[in-house]
Amino acid sequence: MSALSEWIVREYFETQGFLVRQPWKYLVSARPKQAEEEIDLLVVNPNAGEKDWPKDLLWGSAEIRQVARAVVSVRGAHTERFSPTLITTSPEIARFVDSAAARMGKRELGPGPVARVLCLPDLPASRALQTQALDLLKERGIDGVLLFRTMLLELAAHVDVQKNYEKSDLLQLLRLLKNYDLLKDAQLELFKKSRRDRKTE
């Protein structure tokens, strides 16, 4: 997993009010990962009550804020979509939900339900294939899926160009991109002039 991908996910959870911990500080290269080593982040939301998380598998900030604690696995290969075929042929995607990983998550996060959240680059463009992929992930025990597009859009919306995010290089970069009109808003805004156009009037 790329350090950049984990960095994005960590920033996203922190902006949603979560406390975030990385359980492993080493890379596994000379042997296969153990199931519990598939967990990339442990997150706790002190503002969430003990309630069930959303039943829909595809989550955004409204859904993730309902989760009190979660184990998170990050898949950061940003060159492919996670199709049903890829999910079927890559069982390691869901290894972080195995019993050994679940025991470790419960031990570290304390009593109460623990959601299993998978962060993916993208799903298939076809609605039918997307539904099939999400069904396969649900069958494997995953409770929620966060897409990097969703996380980055919500981080960008969170950033205020008037603030200096010197303690976070990622947020500072997003701020600069917004400041110079290089980062467009998620929704199409017809007839709205950019700040640069307003300055030249």
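**Nonpolar cores and a surface patch in a predicted model**

Leu 182 is exposed, with a relative accessible area of 60% (exposed meaning over 50%, buried under 20% and partly exposed in between, with a 1.4 Å probe and protein chains only). The model is predicted, so that local features need pLDDT of at least 70 and side-chain atom pairs count only at pLDDT 80 or more, whereas totals for chains, interfaces and linings use all residues. Residues are numbered from 1 along each chain as its sequence is written, and side-chain values use heavy atoms, with hydrogens and water left out.

Leu 182 is located in the loop between α7 and α8 (195-200), where helices (H or I, at least four residues) and strands (E, at least two) are DSSP runs numbered from the N terminus.

The largest nonpolar core (buried Ala, Val, Leu, Ile, Met, Phe, Trp, Tyr and Cys residues joined through side-chain atoms within 4.5 Å) has 27 residues, of which Val 9, Phe 13, Ile 64, Val 72, Val 117 and Leu 146 touch the most other members. Two or more residues are given to this core by each of α1 (3-15), β2 (41-44), β3 (69-74), β4 (115-120), α6 (148-158) and α7 (169-179), and the largest share, four residues, comes from α1. A second, separate core of 25 residues includes Val 71, Leu 118, Ala 133 and Leu 137.

Within α1, the buried residues are Ser 5, Glu 6, Ile 8, Val 9, Glu 11, Tyr 12 and Phe 13. Beyond its neighbours within four places in sequence, Val 9 is in contact (heavy atoms within 4.5 Å) with Leu 41, Val 72, Val 74, Cys 119, Phe 148 and Met 151. Gly 17, which follows α1, has a positive phi near 95 degrees.
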